[in-house]
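Biologist: Please take a close look at one part of this model: the nonpolar interior and the strands around it. Keep the terms explicit, with cut-offs.

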Amino acid sequence: MSSDKPITNNNETRRSFCKTAIAAGAGAAAVALPIYGGARMVLYPLQQEGLSGKEYQLTTIDNLDSTPRSYAVVDTIRDAWVSAPNQTIGNVFLRKVTNEDGSVGVEAFQSVCPHAGCRVKVDQQKNPKTGEVETMFYCPCHGDMFSLTGQRIDPDTCKSARDLDSLEARVDEAGRVFVKFQNFQLGCADKSPV
Ligand code: FES
């Protein structure tokens, strides 16, 4: 006996469902992969293309004096899917110093506060130990203070468990200033490169 009801083709229904699922999956991947790539660039920019520890020429010694001055570190950030030129990957404070042998040298510090990653600035603040207003590195987030040579002014009350992170720097014979740029793990006493 034949029926008037339309025949439901289960294979066709399953095929249609699979096509839809594959298309949806491909669409999600197309969106997710660039986002993943972008997120990695933001979170771990120095891990791309060996930027961590790379040396940059930032200025010449003639532009520096004993008060730290901030310089942006700019490079091209590349990932598997993205290449972004002229990106600021960090900021460095530089100041001119006199070496023990009397020659001119340079001192470099990361601008990132070792406590929780805010950007420190050079500011006039009241030194809690001396009561004097001094030029120092100051973190606006939780008030940590560092001397111009990077030491915590009061380690007992400082939120940061370590001094400001110094960076390797040198001046060549032409007076050009080079810095090895590096990020470090936050919130711990050890200065561990990341
Ligand atoms: S982030 Fe600088 S004191 Fe907390």
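Modeller: What follows goes from the whole chain to its cores, then to the sheet, the rings and two buried sites.

This is a predicted model: local features need pLDDT of at least 70, side-chain atom pairs count only at pLDDT 80 or more, and totals for chains, interfaces and linings use all residues. Residues are numbered from 1 along each chain as its sequence is written, and side-chain values use heavy atoms, with hydrogens and water left out.

First, the frame. The chain has one helix and 10 strands. Helices (H or I, at least four residues) and strands (E, at least two) are DSSP runs, numbered from the N terminus. The helix comes at the start of the order, and the strands follow it. Of the 194 residues, 33% count as buried. Buried means under 20% relative accessible area, exposed over 50%, and partly exposed in between (1.4 Å probe, protein chains only). About 11,800 Å² of the chain is exposed, and carbon and sulfur atoms supply 50% of that area. Those areas come from the Shrake-Rupley method with a 1.4 Å probe; for residues, only the protein chains shown count as cover. Among contacts (heavy atoms within 4.5 Å) between residues at least 6 apart in sequence, 49% join residues at least 24 apart.

Now the interior. A nonpolar core is a set of buried Ala, Val, Leu, Ile, Met, Phe, Trp, Tyr and Cys residues joined through side-chain atoms within 4.5 Å. The largest has 18 residues, and Leu58, Val92 and Leu94 have the most contacts inside it. Five strands give two or more residues each: S1 (55-60), S2 (69-78), S3 (83-98), S4 (104-110) and S10 (176-180). Leucine 94 shows the reach. Beyond four places in sequence, its contacts include Leu58, Tyr71, Val106, Ala108, Val177 and Val179. Polar residues also touch leucine 94, among them Thr59, Arg69 and Glu107. A second, separate core has eight residues, including Phe109, Cys113, Phe137 and Phe146.

Next, the sheet. Four strands form an open, antiparallel sheet in the order S2-S3-S4-S8. Two strands pair if DSSP finds at least two bridges between them. S2 and S8 (166-167) stand at the edges with a single partner strand each, so one side of each has no neighbour in the sheet. S4 and S8 pair over two bridges, in the antiparallel sense. Alanine 108 has leucine 167 of S8 as its bridge partner.

The rings come next. The whole structure holds two aromatic pairs. Rings of Phe, Tyr and Trp (its six-membered ring) pair if their centres lie within 6.5 Å; planes under 30 degrees apart count as stacked, over 60 as edge-to-face and the rest as tilted. Phenylalanine 109 and phenylalanine 137 have ring centres 5.6 Å apart and planes at 65 degrees, so this pair is edge-to-face. Phenylalanine 109 lies in S4 and phenylalanine 137 in S6 (residues 133-138), 28 residues apart. Both are buried. Phe93 joins Phe109 and Phe137 in one aromatic cluster.

Two more buried sites remain. Leucine 51 sits in the loop between helix H1 (10-43) and S1. Its relative accessible area is 2%, so leucine 51 is buried. Isoleucine 89 is 38 residues away in sequence, yet the C-alpha to C-alpha distance is 9.2 Å. Glutamine 182 lies in the segment after S10. At 14% relative accessibility, glutamine 182 also counts as buried. Its side chain makes a polar contact with the side chain of serine 52, at 2.6 Å. A polar contact is a pair of N or O atoms within 3.5 Å; within protein, one must be able to donate a hydrogen and the other to accept it, and residues adjacent in sequence count only if both atoms are side-chain atoms.
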